[in-house]
Amino acid sequence: MRNSFISHASTATVVFLLLLLSTTCKAHLSSTFYDQNCPNGLSTIRNAIRTAVSRERRMAASLIRLHFHDCFVQGCDASILLEDGERNAVQNKGSARGYEVIDSAKAQVEKICPGVVSCADILAVAARDASVAVGGPSWSVKLGRRDSTTASSSLAEQELPRFTDGLDSLISHFATKGLSARDMVALSGSHTLGQAQCSSFRGRIYNNASDIDVGFASTRKRRCPATTGKPGDSNLAPLDLVTPNSFDNNYFKNLLQKKGLLQSDQILFSGGSTDSIVSEYSRSPATFKSDFASAMIKMGDIGPLTGSAGQIRRICSAVN
């Protein structure tokens, strides 16, 4: 009787472990996820991204930012692509861009593998391919995410960092996503690419603070009026004034010279705990690129939907 009980208990334990293993496998992301059911999917995405970036180099920055803003709200689930949701958050409205590039890549993939590749995975792959297209690092993108059926602008406004955030706030934002201060500085280095609107750096260039180079501020004031509501509000300035279209470490060199465009950029080198990381990256582009790639992989692991959760959207901007 006792042996029979042990036998039944052992059988139950084995069944439980098998079920647990099955669940774990379903939730597992893998770089080979589409090798069998869509072998040409990744090359199709790569070609679409290369084409878009060759038309407009700034698009590389936009696609990397789109992936970042997606992952920080509800996880990496393509919720940012849904209309009338996160797109309308203060941190996204009028500045997040590249939606049409993702839509185009998705349409091309749908032609060869309908209903197979998620929009969330396309966002993740697009960020990697955009980096490579402008001389940045490559990394192995883990795949198998599914797409969210919901999106919330209010949640996005809570979860996404702001350009006015202080260092402690930035570190906290990233820590809640499982990212370290070093990851945060490395990911901020994506600002080696792209541009920002006058409204996002006006406060910094006109506050006469000691953490901004006087000549740099003067130059930026020429195309950015001191008050809102005037022509020039949406004028753009490069986040990296030296090489805004190439992925390098000049962004960090700029910070050492008090030439960070956004307050959230310069705060990384302002006498705080991240100064040493900025200095290290300014000296070693190889270390920066390696850390950036590692941080992007970690970011891509934030809260993915897998298994039977979510769906595979046929059109990225709308739920099926």
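Me: Is Ser188 buried or exposed in this model?
Reply: Happy to start there, and do keep in mind that this is a predicted model. The relative accessibility of Ser188 is 15%, and the cut-off for a buried residue is under 20%. Ser188 therefore counts as buried.

Me: Which helix holds Ser188?
Reply: The helix in question covers residues 181-188. Ser188 falls within that range, and the element is helix 8.

Me: Which residues does Ser188 touch, leaving out those up to four places away in sequence?
Reply: A contact here needs heavy atoms within 4.5 Å. With residues up to four places away in sequence set aside, the partners of Ser188 are Tyr251 and Leu268.

Me: Good, let's follow Tyr251. How are the rings of Tyr251 and Phe252 arranged: stacked, tilted or edge-to-face?
Reply: Both residues are buried. Their ring centres lie 4.9 Å apart, with the planes at 80°. An angle over 60 degrees is what the edge-to-face class asks for, so the Tyr251 and Phe252 pair is edge-to-face.

Me: And what is the geometry class of the pair Tyr281 and Phe288?
Reply: Tyr281 is buried, at a relative accessible area of 0%, and Phe288 is buried with a value of 0% too. From centre to centre the rings are 5.7 Å apart, and the angle between the planes is 50°. That angle is neither under 30 degrees nor over 60, and the pair is tilted.

Me: Which residues form one aromatic cluster with Tyr251 and Tyr281?
Reply: Phe252 and Phe288, the ring partners we just met, belong to this cluster. The other members alongside them are Trp139, Phe247 and Phe292.

Me: How many aromatic pairs are there by this rule?
Reply: Rings of Phe, Tyr and Trp pair if their centres lie within 6.5 Å. By this rule the count is twelve.

Me: Stepping back to the fold, how many helices and strands does the protein chain have?
Reply: Helix 8, where Ser188 sits, is one of the helices. The full tally for the protein chain is 14 helices and two strands.

Me: Why is the protein chain said to be as compact as a globular protein of its length?
Reply: For 320 residues, the globule rule gives 20 Å. The radius of gyration of the chain is close to that value, so the chain is as compact as a globular protein of that length, at 22 Å.

Me: What share of the contacts with a separation of 6 or more joins residues 24 or more positions apart?
Reply: Burial gives some background: 48% of the 320 residues count as buried. Among contacts with a separation of 6 or more, the share from residues 24 or more positions apart is 75%.

Key: Residues numbered from 1 in each chain as written. Predicted model: local features only at pLDDT ≥ 70, side-chain atom pairs only at ≥ 80, totals over all residues. Heavy atoms only, no water. Helix = DSSP H or I, 4+ residues; strand = E, 2+ residues; numbered from the N terminus. Rg over C-alpha atoms; globule rule 2.2 N^0.38 Å. Buried < 20%, exposed > 50% of the residue type's maximum accessible area, 1.4 Å probe, protein only. Phe/Tyr/Trp six-rings, centres within 6.5 Å; stacked < 30°, edge-to-face > 60°.
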